[in-house]
Amino acid sequence: MGHPDEQQEPRDWTDEHVARWQPVLPGLDPVVEGAVTRMKKLSVHLRRVREQSLVDFDLERHEFDTLHKLAGRGGSAAPSELAQDLDLAPASVSGRLDALEKRGFVRRTPSTTDRRRVVVELTASGRETWLGAMDVLGHEEERLLGILDKDELTRLNDMLRRVMLLAEEGVSQHWHA
């Protein structure tokens, strides 16, 4: 232990988890296990916040995903582009668009360049609903990461990028094997 006046870092759930598993798995690196477990728990926490925001905005996950992809294309796209973005069959996208159109979140209009084609547009109501659901998660991310100063956050981001590059490299090798 350090000096009696030194304040010890508060312990979280993961500290207890690691302490429980160390005697069972003597080779367990407590720092690696702690980091991985905290990343998993943070991911689960943010997923729960996102799911609750969907409930709050009365959105199904697939409805949010469709609005999100449409917003990501500047609020206007061909159904075929949305099908590609969502990795779905065009018929599946058509059903989604029917439901979103009934709710007033999107509108389909004939293309100005080819009358046989349709353009899907995000309505003001659709944009507002999508942004509202996004804001809930964004506020929670800012609340959590706001505990870090700018330099710490930059270092964390840089370190996670290095880890992700290695993970993505591994995925790439498995795909091509």
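## Close-up views

**View 1. Asp87 lies in the loop between α4 and α5 (90-102).** This is a predicted model: local features need pLDDT of at least 70, side-chain atom pairs count only at pLDDT 80 or more, and totals for chains, interfaces and linings use all residues. Residues are numbered from 1 along each chain as its sequence is written, and side-chain values use heavy atoms, leaving out hydrogens and water. Helices (H or I, at least four residues) and strands (E, at least two) are DSSP runs, counted from the N terminus. Check the backbone of Asp87: phi is positive, about 55 degrees, although Asp87 is not a glycine. With 69% relative accessibility, Asp87 counts as exposed (over 50% is exposed, under 20% buried, in between partly exposed; 1.4 Å probe, protein chains only).

**View 2. Asp58 is another residue with a positive phi that isn't a glycine.** Phi of Asp58 is near 50 degrees. You'll find Asp58 in the loop between α2 and α3. Asp58 also counts as exposed, because its relative accessibility is 55%.

**View 3. Asp85 and Arg73 join up through their side chains in a salt bridge.** (A salt bridge is a side-chain nitrogen of Lys or Arg within 4 Å of a carboxyl oxygen of Asp or Glu.) Here the N to O distance is 2.6 Å. This pair ties together distant parts of the chain: Asp85 belongs to helix α4 (residues 79-86), while Arg73 is in the loop between α3 and β1 (76-77), 12 residues apart. Asp85 has a relative accessible area of 27%, so it is partly exposed. Arg73 comes out partly exposed too, at 33%.

**View 4. Three residues share salt bridges.** Asp12, Asp15 and Arg38 are joined into one network, since their salt bridges share partners. Step back to the whole structure and a search finds 13 salt bridges.

**View 5. Arg61 and Asp65 pair up within helix α3 (residues 61-72).** Their side chains meet in a salt bridge, 3.4 Å from N to O. Why are these two about one helical turn apart? Because Arg61 and Asp65 are 4 residues apart in the helix. Neither partner hides completely: Arg61 is partly exposed at 37% relative accessibility, and Asp65 is partly exposed with 23% relative accessible area.

**View 6. Glu16 reaches Arg11 through a salt bridge.** The gap between their side chains is 3.0 Å, going N to O. Is Glu16 buried, partly exposed or exposed? Glu16 counts as partly exposed, because its relative accessibility is 40%.

**View 7. Leu122 is tucked away in strand β3 (residues 118-122), as a buried residue.** Leu122 has a relative accessible area of 8%, so it counts as buried. Now follow the backbone from Leu122 to Val106. How far apart are the C-alpha atoms of Leu122 and Val106? They are separated by 4.6 Å, with the two residues 16 apart along the chain.

**View 8. Val32 belongs to helix α2.** To finish, have a look at a valine. Val32 counts as partly exposed, because its relative accessibility is 49%.
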